[in-house]
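I opened this notebook to keep track of what I looked up, going through a few places in turn and writing down what each one showed.

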Amino acid sequence: MNFLETLNIKSQSPGLSTGQESWQGKGTLLESYSPVNGKVIGSTQEAAREDYDRVLETAQTAFKEWRTKPAPQRGEVVRQMGGQFRQHKKALGELVSYEMGKSLQEGLGEVQEIIDICDFAVGLSRQLYGLTMHSERPAHRMYEQWHPLGVVGIISAFNFPVAVWSWNAMIALVCGDVCVWKPSEKTPLTAIACQNIIQEVLKANQVPEGVSCLVVGGRNVGEWLAADARVALVSATGSTRMGKSVAETVGRRLGKSLLELGGNNAIIVTPGADMVVAIPAIVFGAVGTAGQRCTSTRRLIVHASIYDDMKERLQKAYAQLRIGDPLDVNYHVGPLIDQQAVVGYEAAVEKIRERGGTFVVEPEVLSGEGFASGCYVRPCVAEANNDWPIVQQETFAPILYLIKYDALEEAIEIQNGVPQGLSSAIFTLNLREAEHFLSAAGSDCGIANVNIGTSGAEIGGAFGGEKETGGGRESGSDAWKAYMRRQTNTLNYGTDLPLAQGITFEL
């Protein structure tokens, strides 16, 4: 496949890199299988502890030099990285689609997110603003400034194998940090490709060895990062279970963590909703990336007066979905990441049936020609109650729960009545309903939308959620502050030493 050659992905590619040097780890062999056809794409060697320590030591040394570079110069390096990703957008998008299983359009969109966050970070490199404050003491000046943290560990998930890394890495780099990336062991080749893409930029700009590092490995590498006092911040994306483990380990050493965890996202549809806008948003939110986004729409809360109409509309819309090879633009839905995910889909379906749930659109594990990998399933819709245990948890599969409501306050209570708090939406043309949903008495999620779906955030806003979603914020707005330390400075330019609060001290 041409995109593998373009990205310098070989049958066995080095899974460790300190930016300008790459090598094979001393751990076990890790093979990457495509969920598209079940074939091995390539392999690498996982990191052993000695490999990991070598990377961390190199990163520590690099930080001492990188932090002294003026932020606009760091931004220039990131600008050039964005240029490289523009050149390799098609090839990297194809690899994302082939290794992860999302549609080609989504794969290309994910690479566009890298390009966009590079642009954002370049501008940010001239806007790392502090504040000035008036001192109560004469001839004193008070201000605050932001300094780099140090080594930032990035643990990314398979569903966005490159974009989430870039949200963290590009911001951290302009902030003066150095990065150590532990990608998902289910999608190692896309990570290796990203490192290959930026290597030329790092070398051309004589960036210190260790500023942007890669460590491919399993859960043990994530555990090393979480427990390592040399790592100032651990940014982890994944399940709530994983995030709780990371937070506990990092917290024990009083380190910093940034967590982007599970979502159980809902859309409320009111009687006055514009269905022409609502239906495509609902369907894309539920079936995009085969339901494997943290922002995927999992619950649809519909007013009783339009409930039956909604069922008919969903049946018609789902009947139009085409499932197959995600690299073929004629298909809407690709495979789940692996057969373990299919088992999770089947288990959820069984639990729905056990509770007496009725399927508006029937589930199915697909087989036969074009589905040889065993990872393809049919997106389904089930009538359910919000308090069912299976509805309360996040299932990473294209299962949409249909829930009825009578009053808006009830709908918002249902929306908020899950442990997760990432993304939410309401479809309404009623200004009062929209504003109530966005108010403090409305959605309790980190993201709340009106007349757009739960899935597909732009990089300009801070991304993240509340409750068991972890509370972290990445990407835009002032999310950069998570990657820096705040320092308050007071400068006395007078000839006396007045003390704060009017305290006197004489010798």
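Entry 1, a hairpin. I looked up how E3 and E4 are joined, and found that they form a hairpin with 6 residues between them. In the turn I noted Gly 38, which has a positive phi of about 80 degrees. I should record here that the model is predicted. Strand E3 covers residues 29-33, strand E4 covers residues 40-45, and the two pair in the antiparallel sense over 5 bridges. Looking for a partner of Tyr 33, I found that this residue stands opposite Val 40 in E4.

I then looked at the two faces of E3, keeping in mind that in a regular strand the side chains alternate between the two faces of the sheet. In E3 the covered face holds Leu 30 and Ser 32, while Leu 29, Glu 31 and Tyr 33 make up the uncovered face.

Entry 2, two helices. I followed helix H14 (residues 408-416) and helix H15 (residues 431-438), whose axes come within 11 Å and cross at roughly 30 degrees. Because angles under 35 degrees count as roughly parallel, I wrote down H14 as roughly parallel to H15. The crossing in which H14 passes H15 is right-handed. Which residues meet there? From H14 I listed Leu 408, Glu 409 and Ile 412, and from H15 I listed Glu 433, His 436 and Phe 437. Sorted by kind, the residues of this contact divide into 3 nonpolar, 1 polar and 2 charged.

Entry 3, positive phi outside glycine. Before this search I reminded myself that most residues other than glycine have a negative phi. Ala 290 has a phi near 55 degrees, a positive value in a residue other than glycine. I located Ala 290 in the loop between helix H10 (275-287) and strand E13 (297-303). Is Ala 290 buried or exposed? With a relative accessible area of 4%, Ala 290 is buried, since buried means under 20%.

For Lys 467 I also noted a positive phi, near 55 degrees. Lys 467 lies in strand E23, which is made up of residues 466-467, and at 39% relative accessibility I entered Lys 467 as partly exposed.

Entry 4, a loop residue. I found Asp 387 in the loop between strand E17 (380-383) and helix H13 (389-392). Its relative accessibility is 59%, so Asp 387 counts as exposed, the cut-off for exposed being over 50%. Lastly I looked up Asp 387 together with Arg 49: they are 338 residues apart along the chain, and their C-alpha atoms are separated by 44 Å.

Notes
Residues numbered from 1 in each chain as written. Predicted model: local features only at pLDDT ≥ 70, side-chain atom pairs only at ≥ 80, totals over all residues. Heavy atoms only, no water. Axes fitted to C-alpha atoms, helices over the stretch in contact; angles between N-to-C directions. Parallel < 35°, antiparallel > 145°, perpendicular 65-115°, else oblique. Left-handed = near helix turned anticlockwise from the far one by under 90°. Contact = heavy atoms within 4.5 Å. Nonpolar A, V, L, I, M, F, W, Y, C, P; charged D, E, K, R; others polar. Buried < 20%, exposed > 50% of the residue type's maximum accessible area, 1.4 Å probe, protein only. Pairing = 2+ DSSP bridges.
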